[in-house]
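This report goes through selected features of the structure shown below, section by section.

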Amino acid sequence: MRWWRADLHIHSTLSPCASLDMSPARIVAEARRAGLDLIAVCDHNAAENGRYVRRRAGGNPAVLMGMEIQTAEEVEILAYFSDEESPLLLQEELYATLPDIPCDPHLFGDQVVVSEGDEIVRRVEKLLLSPVALPLAEVVQRVEERGGFAIPAHVDRVPGGLLVVLGLLPEGEWPLAAEIAPWTAVEEARTAWPGLAGHPLLRGSDAHYPVEIGRAWTELYLASPTLDELRRGLRGEGGRAVRPGPELKEEI
Amino acid sequence: MELGRVVSELGLVPLGAADLGRGVTSGYCSDLLSDVLAHAKSGDLWITHQRHLNVIAVGKLRDVAGVVFPKGLCPAPDVVARAEVERVNLFSSADTAYEVAGKLHRLLHP
């Protein structure tokens, strides 16, 4: 086992709010620059660019398929998958429940699927920056049923942070862990939100621009940079460990 | 003012058995439950679009007089059932949040 540096929250050209420079090729180049061993592309309610980032990366870095899903409560959760088929099927299901609001690129930005060779594959019509019509518990269940793993994104942040929106962690087993915002100190988060006690914390960059990739990260002590190992690491199995990297100095 | 009078004046529909003898002192409008936890006061009538189960926990912790879901919104049956157990008064209103708040304010501050 060894320590791996992971940034598990990166947006791409498929997120309207992200730069059009966030192509698979650029994401991979910036991830290598930042010394990342493992990344996940988490676009709003969409997973499609993850496959092209994965193809471009060719294992360096390792790439998890991902999504940042906005639930009906307007809580944002990060969903991670090993295979490509499951998140792409879920993406279709989620898309069907999105409100019929077209994405006006002048207001919201472009939503484009871009191949590993920097070619536009397609544009997505409906605005992805909307909540799906499924409640949090249902979204988590669908992710887990398809072999994925879900954690709440930037729990301490407006908009979309679970603790800000819902005040408390929901009852039950979920979530095993939580992501905190890039600029939140771990102790600050644990003091402000006592409900996080016993939950490992992750930090991701939430990068929307190339320079932001790897600005915040999580270190993972695992046998390999895979989803299964990440799960085991978050449970602390067999000496595995998870530690969030340092917080950014200023909120940007 | 007694909750029962507020309910009848505003035309609120109780979701489950409500303690209509409770006092309503003011109101609070927010869909961010962390904000409600930090700022709502005991006796407030809380108006929210949020229908997650945590609404019940937050309403109980802040000891609100009741929770009003505007625009005819109604939480899932498990949420209504939990409200009965925790004795949190839930109501639905056909009005928008703006209208519910406006009517409540006029009633409490004639």
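## Helix H3 of chain B and the residue after it

H3(B) is followed by B:Asp63, a residue with a positive phi, near 55°. The model is a predicted one. B:Asp63 is not a glycine, yet its phi is positive. This residue sits in the loop that runs between helix H3 (54–61) and strand S4 (66–69) of chain B. B:Asp63 has 13 other C-beta atoms within 10 Å and is therefore partly exposed.

The helix before this loop is largely enclosed by the rest of the structure, because six of its eight residues are buried. The buried residues of H3(B) are B:Asn54, B:Val55, B:Ile56, B:Ala57, B:Val58 and B:Gly59. Their cover comes from both chains: it includes H6 of chain A, along with helix H2 (33–39), strand S3 (44–47), S4 and H4 of chain B.

## A second positive phi in chain B

B:Arg87 also has a positive phi, of about 55°, although it is not a glycine. B:Arg87 belongs to the loop between helix H4 (77–86) and strand S5 (90–92) of chain B. With 14 other C-beta atoms within 10 Å, B:Arg87 counts as partly exposed.

## Contact between the chains

How many residues of chain A are in contact with chain B? The contact involves 10 residues of chain A and 11 residues of chain B. On the side of chain A that touches chain B, helix H6 (residues 162–166) gives the most, with four residues. By class, this side of chain A has seven nonpolar residues, one polar residue and two charged residues. H6 of chain A is also among the elements that cover the buried residues of H3(B).

## Cis peptide bonds in chain A

Two cis peptide bonds are described here, each in a loop next to H6 of chain A. One runs from A:Val158 to A:Pro159, with omega near 0°. A:Pro159 lies in the loop between S7 and H6 of chain A.

The other joins A:Trp174 to A:Pro175, and its omega is about 0°. A:Pro175 is in the loop between H6 and strand S8 (178–180) of chain A.

## The seven-stranded sheet of chain A

Chain A has an open sheet of seven strands with mixed pairing, in the order S7-S4-S3-S2-S1-S10-S11. Strand S7 (149–152) and strand S11 (241–244) are the edge strands, each pairing on one side only. From one strand to the next, the twist averages 25°. In general, strands of a sheet pair through backbone hydrogen bonds, in either a parallel or an antiparallel sense.

## Strand S4 of chain A and its partners

Is S4(A) enclosed or open to the outside? All six of its six residues are buried, so S4(A) is largely enclosed by the rest of the structure. Both of its faces are covered. On one side the buried residues are A:Glu76, A:Leu78 and A:Tyr80, and on the other they are A:Ile77, A:Ala79 and A:Phe81.

Strand S4 (residues 76–81) pairs with S7(A) in the antiparallel sense over four bridges. In this pairing, A:Tyr80 stands opposite A:Phe149, and A:Ile77 has A:Pro152 as its bridge partner. Strand S3 (residues 62–70) of chain A is joined to S4(A) by six bridges, and these two strands also run antiparallel. Here A:Met67 stands opposite A:Ala79. S3(A) and S4(A) form a hairpin with five residues between them, and in the turn A:Glu74 has a positive phi of about 70°.

## Packing of helices H1 and H2 in chain A

Two packed helices are described by the angle between their axes and the distance between the axes. Helix H1 (residues 24–33) and helix H2 (residues 48–57) of chain A pack at an angle of about 55°, and their axes are 8 Å apart. H1(A) and H2(A) are therefore oblique to each other. The crossing of H1(A) past H2(A) is right-handed.

Which residues meet in this contact? From H1(A) they are A:Pro24, A:Ala25, A:Ile27 and A:Val28; from H2(A) they are A:Asn49, A:Tyr52, A:Val53, A:Arg56 and A:Ala57. Of the residues in this contact, seven are nonpolar, one is polar and one is charged.

Conventions. Residues numbered from 1 in each chain as written. Chains lettered and ligands numbered in written order. Predicted model: local features only at pLDDT ≥ 70, side-chain atom pairs only at ≥ 80, totals over all residues. Axes fitted to C-alpha atoms, helices over the stretch in contact; angles between N-to-C directions. Parallel < 35°, antiparallel > 145°, perpendicular 65-115°, else oblique. Left-handed = near helix turned anticlockwise from the far one by under 90°. Contact = placed C-beta atoms within 7 Å. Nonpolar A, V, L, I, M, F, W, Y, C, P; charged D, E, K, R; others polar. Pairing = 2+ DSSP bridges. Buried ≥ 20, exposed ≤ 12 C-beta atoms within 10 Å, placed from the backbone.
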